[in-house]
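Biologist: Please take a close look at one part of this model, the largest pocket. Which residues lie nearest its centre?

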Amino acid sequence: MPETPADREIRAANKRKILKAASEVFAAKGFDGARIAEIATVAELPKANVYYYYATKEELYSATFAPLLEEWDSALQILQADTEPAVALRAYVQAKLKLGRKNPLEARLFANEVVRGGAFLSAADREHIAKSTAASIEVFEAWMAAKKIRKIDPRHFLFMLWAATQFYADYEPIVNAVLQVKKLTAAHYDQALESIVSTVLGGVLLD
């Protein structure tokens, strides 16, 4: 029988449940400590359903990164040569902070995976990251050629932006301790935005 719209919605809903549960379990226990049975329990689905959508634990682990990588890629596309650097950089920092706040578990899971060497980051993922970053480097080079920003190494500049914007999600307990709060609010992220943007623009914009 052909798949109906209702079937497609059920499939999509089940995959969302599984990926959310997988992010929670993997983030708490790592790849080796996580069990498909526990992920199924958290997702409130039969174990067989998890295997129906993801044949192996490795496949499911990689799948938890996919939405985050897609969203990071979309954020990078904010950086366009025909946009003024001050406008583009502010929008990019804001988007990255928003994604960290929206997907803290996935962000921490990805960070933990990279620290362990990124063994489950596929060759396709690595190639995609390299290509999308190369496009952003071209934007910075265009801004430098137009004398809109100082001469910088775009790659290391992007590393700095990633570190600054991801810190709030990856190391939230430390941020909470320093700010002496139990949970970060929208106001805290607004303060982070202004602090990062003012520092970044002050360092790269030409007088």
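Modeller: Nearest the centre of the largest pocket lie Trp72, Phe110, Val114, Trp162 and Gln166, among 27 lining residues. The model is predicted, so local features need pLDDT of at least 70 and side-chain atom pairs pLDDT 80 or more, while totals for chains, interfaces and linings use all residues. Numbering runs from 1 along each chain as its sequence is written, and side-chain values use heavy atoms, without hydrogens or water.

A pocket here is an open set of points on a 1 Å grid over the protein atoms alone, where a 1.4 Å probe fits, with protein on both sides within 12 Å along at least five of seven lines; lining residues have an atom within 4 Å of a point. The space in this pocket is about 630 Å³, taken as that filled by probe spheres set on the points, which are joined across faces, edges and corners.

H4 (57–76), H5 (85–102), H6 (104–115), H7 (123–145) and H8 (154–170) each give the lining at least two residues; helices are DSSP runs (H or I, at least four residues) numbered from the N terminus. The most come from H6, with 7.

In H4, Trp72 is buried (under 20% relative accessible area, 1.4 Å probe, protein chains only). Other buried residues of H4 include Leu68, Leu69 and Leu76. H4 also has a kink of about 25 degrees at alanine 66, shortly before proline 67; the bend is the angle between axes fitted to the seven residues ending at a residue and the seven starting there.

Technical notes. Buried < 20%, exposed > 50% of the residue type's maximum accessible area, 1.4 Å probe, protein only.
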